[in-house]
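Q: I have a structure to go through and would like to discuss its packing and its two chains. Could we work through it step by step?
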Amino acid sequence: MIRTKARKTEARTTETHRDETPSPSGLTASVGVRLGSLELDVDLLAPEAGVVAVLGPNGAGKTTLLRCLAGLRPLDAGRVTIGGTVVDDPAARVFVPPERRSIGFVFQDALLFPHLSALDNVAFGLRRRGARTVDARRRALEWLARLGTEYLAQARPRELSAGQAQRVALARALAHEPRLLLLDEPFSALDAAVRIEMRRALRMALVKFTGAVVLVTHDPVEALSLADRVVIIERGQVTQADAPYDVAARPRTPWIAGLVGVNLWHGTVEAGGVSIVAGSPPIVSADTDRLPLGSRVSVVVHPHAVGLYTAPPQGTPRNAWSMTVTTVERHGGRVRVGLDGPFPLVAEVTPSAASETGLSPGAQVWAVVKATEVEIFED
Amino acid sequence: MVRVRTNDGHRSVHTGSAPWPIVTLAVVATIVLVLPLVALVQRAPWSAVVDELRSPAVRTALRLSLVCSLSATALAIVLGVPLAWVLARTEFRGRRALRALVTLPVVLPPVVGGVALLMAFGRRGLVGQLLDDWFGIRLAFTTSGVVLAETFVALPFLVLAVEGALRSSDRRYEDAAATLGSGRLSTFWRVTLPIVGPGIGAGAVLAWARALGEFGATITFAANAPGRTQTVPLAVYQSLEGSDQDGAIVLSLVLLVVSFSVLVALRDRWLGPLR
């Protein structure tokens, strides 16, 4: 399967934002709210031009967190600063309402104002901030163009498809150039093909965006492919906050392991597969022949797609590596096996398979992955 | 033959006739509702309609009715939309009690409303006395009194319609506006009002129809003075009293046509979309 995402620019690569020093010009948030039985207690940092993905099961408090950052819900405890300005601090009796925060918010279902054209929807934020109608419309048109939707300028929201509406909503949230962009599952209402398009559009739009971005999602691929940093929230608490690679490689809870704990590598397409480590044979994928040689790609292999054998595999499996077991961890009904060989690898097997194979640290095994189980994403 | 319709709107394959007692009563009900209107149209002095409508008394009543009912509708919109917003969008002690009080005039006999208005705004009324003493304003038995009486009766219809529209509209549009830098008042004007516009329109038409037909409260509070407080319904009443049956019928036809137009205008709301 080939999924594509728009090309990263140098300024946005993971490496640049791996550092964790809070940027005073980005977002710093310590959010405490009570939600019925749920206590939301989350610390969140997003540097300027950084993308933080917030991932978690339904009901974990993700949307509430965003609403708190936007000021649509006041904090019970904690503190939020945007671009160095305190916008919510109940202890100090500070609360800046949403209309006076420098934010853009993209809702799951676009929520374009039905009585305004796409253009006037995008111009709305500029107008409310004092721009003249002519100027607001001109800048709104530029933003629509940036998202490839200028031909929709005069359309009413009811005439737009879900994907078009979400692009216009993104333009609307960005047009007044906020310091903080909040995205609440912006793609979840879209079907798969449109979602990929939308992700590409978002990435393009963010290239020139200098504010901080918080993306709430329940799609691990979205989080891993768009974010510089992934924060996992379960039952109102942060259970892990790491770079995407680290979340994928070292998930801290069973939920994370089940959803996000995938093998993720970066590599280059070459003849016969994707090279991820110099000197070792390339990983073979069913998809690589559709990409030009030399393409930079991310490679994802789900741990449950990795088969472990004590003897060298029969037949002609395309990906088979001799590896050493480093860790064996039981997560609920599954066993995660850490392996080392030409590169680190995580496999997931049932407890009975684990005991039959005699898996324990130091054991030598063959790890086998079918070429059709190797997912490729264009970087 | 009356066929039985199944719940999902498809005609049943085994179209038995509906039970005759039910059908009989339904037919009687239809006769009760339709026969008087048929009679009204049948007895209309068609040759005299144009002359009647041209007569100064009728034209005065029509003009007064139009001015008063439109003023009352405008007043109901200006006062009723904010009240509906408060009922739909805010939470405070006594909100439910306020809502019940606001709804009361819908079920109150209009003549009681007229008496109540007299007690409040009559020359010896609670407020009327002060208005008279301080500003020389008298509402009872004046054209302004007609507008007040009609507003009293029509306002609740508008408030209920707009409150319903506000409650069923997605409040997150207002959240979206706030995140785009729009203050609450600006959001009310530029987002909330346009979105509930159809609800306000429907409420206004309903309120206008109610104001136009107002009789009990008006005649009690403003009396029946031709040219000043005699609206069309009051003129109908006076015509019948003075045995000018033709005049009464012609004015009644005018009100019937207006009512029918209101029904057509609001058909989507009451009758469902046209098939």
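Q: At what angle do the axes of H3(B) and H7(B) cross, and how close do they come?
A: In this predicted model, the two axes cross at roughly 40° and come within 6 Å.

Q: Which handedness does the crossing of H3(B) and H7(B) have?
A: H3(B) passes H7(B) in a right-handed crossing.

Q: And how do the residues of that contact divide by class?
A: The contact of H3(B) with H7(B) has 20 nonpolar residues, together with six polar and four charged ones.

Q: H7(B) also packs with H4(B); at what angle, and how far apart are the axes?
A: Helix H4 (residues 95-107) of chain B and helix H7 (residues 143-168) of chain B pack at about 120°, and their axes are 8 Å apart. The two helices are therefore oblique to each other. Their crossing is left-handed.

Q: Which residues make the contact?
A: H4(B) contributes B:Val102, B:Thr103, B:Pro105 and B:Val106. From H7(B) come B:Phe152, B:Val153, B:Pro156, B:Phe157, B:Val159 and B:Leu160. By class, nine residues of this contact are nonpolar and one is polar, with no charged residues.

Q: What precedes H7 in chain B, and where does B:Phe141 sit?
A: B:Phe141 lies in the loop between helix H6 (128-135) and H7 of chain B. Its phi is near 65°, which is a positive value in a residue other than glycine.

Q: Why remark on the sign of phi?
A: Because most residues other than glycine have a negative phi.

Q: How exposed is B:Phe141?
A: B:Phe141 has 18 other C-beta atoms within 10 Å, so it is classed as partly exposed.

Q: Moving along to H12(B), which of its residues are buried?
A: In helix H12 (residues 232-241) of chain B, the buried residues are B:Val232, B:Pro233, B:Leu234, B:Ala235, B:Val236 and B:Ser239.

Q: What do they pack against?
A: The buried residues of H12(B) pack against three helices of chain B, namely H3 (56-89), H11 (216-221) and H13 (245-265). Just after H12(B), B:Ser243 takes a positive phi of about 50°.

Q: Stepping back, what is the secondary structure of chain B?
A: Chain B has 14 helices and zero strands. Its C-alpha atoms fill a box of roughly 65 × 55 × 30 Å along the principal axes. Of its 275 residues, 35% count as buried.

Q: What share of its contacts is long in sequence terms, at 24 or more positions apart?
A: Among contacts in chain B with a separation of 6 or more, 70% are between residues 24 or more positions apart.

Q: Now chain A: how many helices and strands does it have?
A: Chain A has nine helices and 21 strands. Buried residues make up 45% of its 379 residues. Of the contacts in chain A with a separation of 6 or more, 66% join residues 24 or more positions apart.

Q: What are its overall dimensions?
A: The C-alpha atoms of chain A fill a box of roughly 75 × 50 × 35 Å along the principal axes. The radius of gyration of chain A is 23 Å, which agrees with the value near 21 Å for a compact globule of 379 residues.

Q: Where is A:Glu185, and what is its phi?
A: A:Glu185 is in the loop between strand E9 (180-184) and helix H5 (192-207) of chain A. Its phi is near 45°, a positive value. With 19 other C-beta atoms within 10 Å, A:Glu185 is partly exposed; the cut-off for buried is 20 or more.

Q: And A:Leu291, what does it touch?
A: Leaving aside residues up to four places away in sequence, A:Leu291 touches A:Val269 and A:Val297. A:Leu291 is placed in the loop between strand E14 (273-275) and strand E15 (296-301) of chain A. A:Val269 is 22 residues from A:Leu291 along the chain, and their C-alpha atoms are separated by 7.4 Å. A:Leu291 counts as partly exposed, because it has 17 C-beta neighbours inside 10 Å.

Q: Finally, how many residues of each chain are in contact with the other?
A: The contact involves 18 residues of chain A and 14 residues of chain B. On the chain A side, strand E8 (103-106) and helix H2 (118-128) are the elements that give two or more residues. That side divides into 10 nonpolar, four polar and four charged residues.

Note on methods. Residues are numbered from 1 along each chain as its sequence is written. Chains are lettered from A and ligands numbered from 1 in the order in which they are written. This is a predicted model: local features need pLDDT of at least 70, side-chain atom pairs count only at pLDDT 80 or more; totals for chains, interfaces and linings use all residues. Two residues are in contact if their C-beta atoms, placed from the backbone, lie within 7 Å. Helices (H or I, at least four residues) and strands (E, at least two) are DSSP runs, numbered from the N terminus. Ala, Val, Leu, Ile, Met, Phe, Trp, Tyr, Cys and Pro count as nonpolar, Asp, Glu, Lys and Arg as charged, and the others, Gly among them, as polar. Axes are lines fitted to C-alpha atoms, for helices over the stretch in contact, and angles run from 0 to 180 degrees between N-to-C directions. Angles under 35 degrees count as roughly parallel, over 145 as roughly antiparallel, 65 to 115 as roughly perpendicular and the rest as oblique. A crossing is left-handed if the near helix is turned anticlockwise from the far one by less than a right angle, and right-handed if clockwise. A residue is buried if 20 or more other C-beta atoms lie within 10 Å of its own, exposed if 12 or fewer, and partly exposed in between; C-beta atoms are placed from the backbone. The radius of gyration is taken over C-alpha atoms; the globule rule is 2.2 Å times the number of residues to the power 0.38.
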